[in-house]
Amino acid sequence: MNEIMVSLFVLLAAAMLAAAVFFLTRRAARQKEEALAAYCAQNGYRLTSLRKPEMREIRIETDEWRLTAVMNALQNSGDTGSSGWRRETQWVCEREN
């Protein structure tokens with residue numbers, strides 16, 4: 001019975017540690033998003049954020065320019081079994097040269 005209790009405590013401690021890591025990571029990401037939104041509002045920029053499981057897009061724009069950052073999930077490779085993200089940033093100036 002003693003070994004079962006020790007195993008249960010170790011499992012509980014590991015679960016609590018994992019929950020704390022997820023909580024802190026999500027809180028930091030939320031703070032970054034709020035800081036970006038505040039910066040855009042302060043400077044008069046329009047912020048658009050799109051989140052899907054396979055794609056993330058952030059767009060900051062004014063009447064004269066547009067900045068778009070996109071992350072697309074790459075499909076698992078049949079040969080290697082790995083996946084990843086393709087990142088692309090695009091800056092478009094609407095003003096004539």
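Student: Which residues form one aromatic cluster?

Tutor: Tyr39, Tyr45, Trp65 and Trp91 do. Keep in mind that this is a predicted model.

Student: How many aromatic pairs does the structure hold?

Tutor: It holds three aromatic pairs. Take one of them, tyrosine 45 with tryptophan 65. The ring centres are 5.1 Å apart, and the planes make an angle of 70°. Planes over 60 degrees apart count as edge-to-face, so this pair is edge-to-face.

Student: Where do the two partners lie?

Tutor: Tyrosine 45 is in the loop between helix H1 (2–43) and strand S1 (46–52). Tryptophan 65 is in strand S3 (residues 65–74). The two parts are 20 residues apart in sequence, so the pair ties them together.

Student: Is tryptophan 65 buried or exposed?

Tutor: Compare its relative accessibility with a cut-off. Buried means under 20%. Tryptophan 65 has 16%, so it counts as buried. Tyrosine 45 has 27% and counts as partly exposed.

Student: Let us try another residue in strand S3. What does threonine 68 touch?

Tutor: Threonine 68 is found in strand S3. Set aside residues up to four places away in sequence. What remains is Glu57, Ile58, Arg59, Glu88, Thr89 and Gln90. Threonine 68 is buried, with a relative accessible area of 6%.

Student: And which residues is threonine 48 in contact with?

Tutor: Leave aside the neighbours within four places in sequence. Then threonine 48 is in contact with Glu57, Ile58, Arg59 and Glu61. Threonine 48 has its place in strand S1. Its relative accessible area is 40%, so it is partly exposed.

Student: How many residues apart along the chain are threonine 48 and isoleucine 60?

Tutor: They are 12 residues apart along the chain. In space, their C-alpha atoms are separated by 6.5 Å.

Student: Now salt bridges. What is the general idea?

Tutor: Side chains of opposite charge can pair when their charged atoms come close. Here is the case in this structure. It holds seven salt bridges. In one of them, arginine 51 pairs with glutamate 33. The closest N and O atoms are 3.0 Å apart.

Student: Where in the chain are these two residues?

Tutor: Arginine 51 is in strand S1 and glutamate 33 is in helix H1. The residues are 18 places apart, and their pair links distant parts of the chain. Both ends are partly exposed: arginine 51 has a relative accessible area of 49%, and glutamate 33 has 33%.

Student: Which residue does glutamate 64 form a salt bridge with?

Tutor: Arginine 95 is the partner, with the closest N and O atoms 2.9 Å apart. Glutamate 64 lies in the loop between strand S2 (55–61) and S3. Arginine 95 lies in the segment after strand S4 (84–93). These parts are 31 residues apart in sequence, so the pair ties them together.

Student: Is arginine 95 buried or exposed?

Tutor: Exposed means over 50%. Arginine 95 has 51% relative accessibility, so it counts as exposed. Glutamate 64 has 39% and is partly exposed.

Student: What about glutamate 88 and arginine 86?

Tutor: They form a salt bridge too, and the closest N and O atoms are 3.3 Å apart. Glutamate 88 counts as partly exposed at 41%. Arginine 86 is partly exposed at 40%.

Student: Which residues are joined into one network by salt bridges that share partners?

Tutor: Arg26, Glu33 and Arg51 are joined that way.

Student: Next, disulfides. What is a disulfide?

Tutor: A disulfide is a covalent bond between the sulfur atoms of two cysteines. In this model the count comes to zero.

Student: Why does cysteine 40 have no such bond?

Tutor: The closest cysteine sulfur is in cysteine 93, 17 Å away, and that is too far for a bond. Cysteine 93 is in no disulfide either. Cysteine 40 is buried, with a relative accessible area of 1%. Cysteine 93 has 45% and counts as partly exposed.

Student: Last feature. Which residues make the nonpolar surface patch?

Tutor: Met5, Leu8, Phe9, Leu11, Leu12 and Met16 make it. The patch is about 640 Å². One of its members, methionine 5, is found in helix H1. Methionine 5 is partly exposed, with a relative accessible area of 35%.

How values were computed:
Residues are numbered from 1 along each chain as its sequence is written. This is a predicted model: local features need pLDDT of at least 70, side-chain atom pairs count only at pLDDT 80 or more; totals for chains, interfaces and linings use all residues. Side-chain values use heavy atoms; hydrogens and water are left out. Rings of Phe, Tyr and Trp (its six-membered ring) pair if their centres lie within 6.5 Å; planes under 30 degrees apart count as stacked, over 60 as edge-to-face and the rest as tilted. Helices (H or I, at least four residues) and strands (E, at least two) are DSSP runs, numbered from the N terminus. Buried means under 20% relative accessible area, exposed over 50%, partly exposed in between (1.4 Å probe, protein chains only). Contact means heavy atoms within 4.5 Å. Patches are made of residues with over 30% relative accessible area and no salt bridge: like charges are joined within 9 Å, nonpolar side chains (Val, Leu, Ile, Met, Phe, Trp, Tyr) within 5 Å. Accessible areas come from the Shrake-Rupley method with a 1.4 Å probe; for residues, only the protein chains shown count as cover. A salt bridge is a side-chain nitrogen of Lys or Arg within 4 Å of a carboxyl oxygen of Asp or Glu. A disulfide is a pair of cysteine sulfur atoms within 2.5 Å.
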